[in-house]
Number of protein chains: 2
Amino acid sequence: MDLRQASYVVAVVDHGTFTAAAASIPVSQPALSQAVATLERELGAELFHRLGRQVRLSPAGEAFLEPARQMLRDAEVARAAVADVVGLTSGRLDVVALSTLVAEPLVGLVGRFRRMHPGVLVRITEPEDADAVVGDVRSGAAELGLGDVDEVPAGLALDPLGRQALFAVLPPGTGLADDRRLPVARLARFPLITTPRGTSSRRLLGQALRLADPDADPEIGVVTQHREAIVPLVMAGAGAAILPEPLARAAAALGAVIAPLSPRLERPVALVRRSGPLSPAAEAFRQLAVGNPF
Amino acid sequence: MDLRQASYVVAVVDHGTFTAAAASIPVSQPALSQAVATLERELGAELFHRLGRQVRLSPAGEAFLEPARQMLRDAEVARAAVADVVGLTSGRLDVVALSTLVAEPLVGLVGRFRRMHPGVLVRITEPEDADAVVGDVRSGAAELGLGDVDEVPAGLALDPLGRQALFAVLPPGTGLADDRRLPVARLARFPLITTPRGTSSRRLLGQALRLADPDADPEIGVVTQHREAIVPLVMAGAGAAILPEPLARAAAALGAVIAPLSPRLERPVALVRRSGPLSPAAEAFRQLAVGNPF
DNA sequence: TGCTCCGATAAGCTGTGCCGATGGATCTCC
DNA sequence: GGAGATCCATCGGCACAGCTTATCGGAGCA
């Protein structure tokens with residue numbers, strides 16, 4: 001059985017004769033006759049009674065007709081469903097993003113994307129650890145990744161979106177020098193609040209401290225997986241943290257003292273994708289992202 | 001698009017890899033890859049993300065999957081529906097029968113047929129006139145015809161089922177000779193009750209009367225299309241009628257006087273069908289009918 | 001009794017679906 | 001880290017399936 005054969009049968013029913021049906025498809029009349037005959041042989045039953053000059057649907061044909069119509073409708077549904085995904089009126093986009101990149105730049109991009117393509121569901125996931133952004137894209141768990149990488153293994157590709165400055169976030173009332181830049185060495189004298197090893201934030205912190213003084217032994221005051229606890233901890237005087245600028249500014253609005261570091265500390269922000277063609281939604285998102293650097 | 005391609009996609013989803021899917025179908029892995037690739041080109045979207053060694057359903061593939069499964073289910077439904085008709089667990093059989101043949105032999109045959117094949121709906125229709133039995137079979141309005149013909153035009157075929165005697169049916173109290181056979185000439189002296197011209201009964205009546213005396217001018221007392229009125233009319237003394245033996249005997253049970261005619265009058269009873277293969281239900285009915293002559 | 005219309009059949013061709021073999025990439029296991 | 005295993009894509013070649021044109025046979029119609 002075959003969609004083609006089914007459509008031929010339906011056409012014969014709808015047009016009353018093989019000849020008219022063949023003309024409407026379009027296909028030659030012998031081709032149609034042969035296709036129907038082949039189907040009848042396969043099913044083991046005549047679908048039409050041949051009555052000299054006219055044909056008439058047989059009982060078997062009547063039984064066949066409705067499922068056949070349904071089959072053809074389903075084919076159209078399948079085609080349309082894919083077209084919707086291609087046309088971005090439907091579908092889903094999976095993005096894995098470092099949690100410190102969700103607020104900025106991800107939410108802005110997703111907002112614009114959703115306004116442009118309201119039918120496409122965007123699913124944002126968090127990576128297990130810093131390397132998982134790349135890993136999830138590689139494994140297909142997500143189609144796009146937003147991370148702080150500046151290179152990716154073979155098979156993946158990368159679109160740099162910009163660089164993000166990291167600020168020190170200090171308890172309210174902390175006095176700072178006039179130029180308002182905080183030497184890393186001074187930061188290291190605060191008890192520090194950070195996330196566990198393996199996270200991107202922790203890696204950046206370690207990198208900054210080593211840069212300032214490879215031999216220093218800074219005090220880690222609090223380690224927590226709960227990123228949303230970091231600012232409150234700082235506010236409560238538990239120690240200092242370093243956070244991406246957007247998060248730091250939000251903390252400043254709550255009363256925290258923030259400052260860019262000296263030397264300047266920043267990290268790349270890039271979109272990770274597999275090389276090769278992306279799904280339409282992912283490609284549209286990528287265009288949006290690279291067209292709107294921050 | 002194609003049922004084959006759809007089933008390939010479904011197999012890949014269900015088995016996780018192209019290779020496993022190919023083995024399960026069975027088809028070679030390159031054939032499966034190529035078929036999926038062709039479908040993807042036609043739909044204008046990747047259905048699977050190829051991630052090195054593994055594949056993963058893309059958003060377009062997810063959209064495609066359910067309609068595709070439905071399509072395959074419908075194909076099975078269509079196949080099964082036809083198989084049911086072939087296997088006589090479903091379907092319909094259209095029989096056109098002279099009304100005087102419905103009581104005997106049709107109802108007995110249909111009863112047995114229905115007990116053998118309870119799933120098959122039997123539809124009994126009445127012909128417009130005597131010729132319409134053949135005409136309805138020829139036109140396909142019915143697949144089988146039950147009539148009093150003994151030959152059919154080319155394209156049709158005939159199974160003789162037997163011969164049916166015609167009896168005179170006379171009002172209660174009518175005196176008959178000892179041998180209880182009624183000469184047609186005597187019948188002609190009764191006012192006669194019959195159906196309109198063109199019906200089989202009327203034709204038989206005329207034939208009988210002409211046989212007895214070509215010059216006679218018998219009186220037609222009542223002409224009615226309502227066959228069920230004939231026996232009551234006879235009972236009411238409106239005149240005499242000739243009826244097939246089974247109907248006549250039923251009338252006798254009500255008090256009518258019945259008698260075979262002299263010369264003996266009878267008509268053929270035959271099943272009319274188109275030449276060539278019949279639908280399974282019709283063929284089964286035919287076998288039943290010819291195997292049980294009366 | 002031709003004439004026309006319709007479906008089946010015949011013959012030939014083209015496209016395509018399949019297979020086996022091979023290549024490239026990735027994952028795994030020692 | 002290297003060898004093997006696994007998986008998908010590509011290539012070359014073959015066979016079959018479906019299509020087309022041409023023709024036949026039968027049925028309805030004037």
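**Entry 1: helix α5 of chain B**

I began with the bend in α5(B), which comes to about 50° at Leu106(B), the bend being the angle between axes fitted to the seven residues ending there and the seven starting there. This is a predicted model, in which local features need pLDDT of at least 70 and side-chain atom pairs count only at pLDDT 80 or more, whereas totals for chains, interfaces and linings use all residues. Residues are numbered from 1 along each chain as its sequence is written, chains are lettered from A and ligands numbered from 1 in the order in which they are written, and side-chain values use heavy atoms, with hydrogens and water left out.

I then looked up the span of α5(B), and found that its 18 residues (99-116) reach 24 Å from the first C-alpha to the last, close to the 26 Å expected, where the expected span is 1.5 Å times one less than the number of residues. Helices here are DSSP runs (H or I, at least four residues), numbered from the N terminus. Leu106(B), where the helix bends, is one of its buried residues, as are Thr100(B), Leu101(B), Pro105(B), Leu109(B), Val110(B) and Phe113(B); buried means under 20% relative accessible area, with a 1.4 Å probe and protein chains only.

**Entry 2: DNA strand D**

I counted as near any residue with a heavy atom within 4 Å of the strand. By that criterion 18 residues surround DNA strand D, and the closest are Tyr8(A), Ser28(A), Phe18(B), Thr19(B) and Arg50(B). Sugar and phosphate account for 71% of the atoms of this strand that come within 4 Å of the protein.

For polar contacts (pairs of N or O atoms within 3.5 Å), I noted phosphate oxygens of DNA strand D at 2.7 Å from a side-chain N or O atom of Tyr8(A), at 2.7 Å from a backbone N or O atom of Ser28(A), and at 2.4 Å from a side-chain N or O atom of Thr19(B). The largest share of the nearby surface, 3 residues, comes from α3(B).

**Entry 3: DNA strand C**

Turning to DNA strand C, I found 20 residues around it, of which Phe18(A), Thr19(A), Ser33(A), Arg50(A) and Ser28(B) come nearest. Of the strand's atoms within 4 Å of the protein, 68% belong to sugar or phosphate and the rest to bases.

Phosphate oxygens of DNA strand C lie 2.4 Å from a polar side-chain atom of Thr19(A), 2.6 Å from one of Ser33(A), and 3.1 Å from a side-chain N or O atom of Arg4(B). I closed with the helices, noting that α2 (18-24) and α3 of chain A, together with α1 (3-15) and α3 of chain B, each supply at least two residues of the surface near this strand.

How values were computed. Buried means under 20% relative accessible area, exposed over 50%, partly exposed in between (1.4 Å probe, protein chains only). A polar contact is a pair of N or O atoms within 3.5 Å; within protein, one must be able to donate a hydrogen and the other to accept it, and residues adjacent in sequence count only if both atoms are side-chain atoms.
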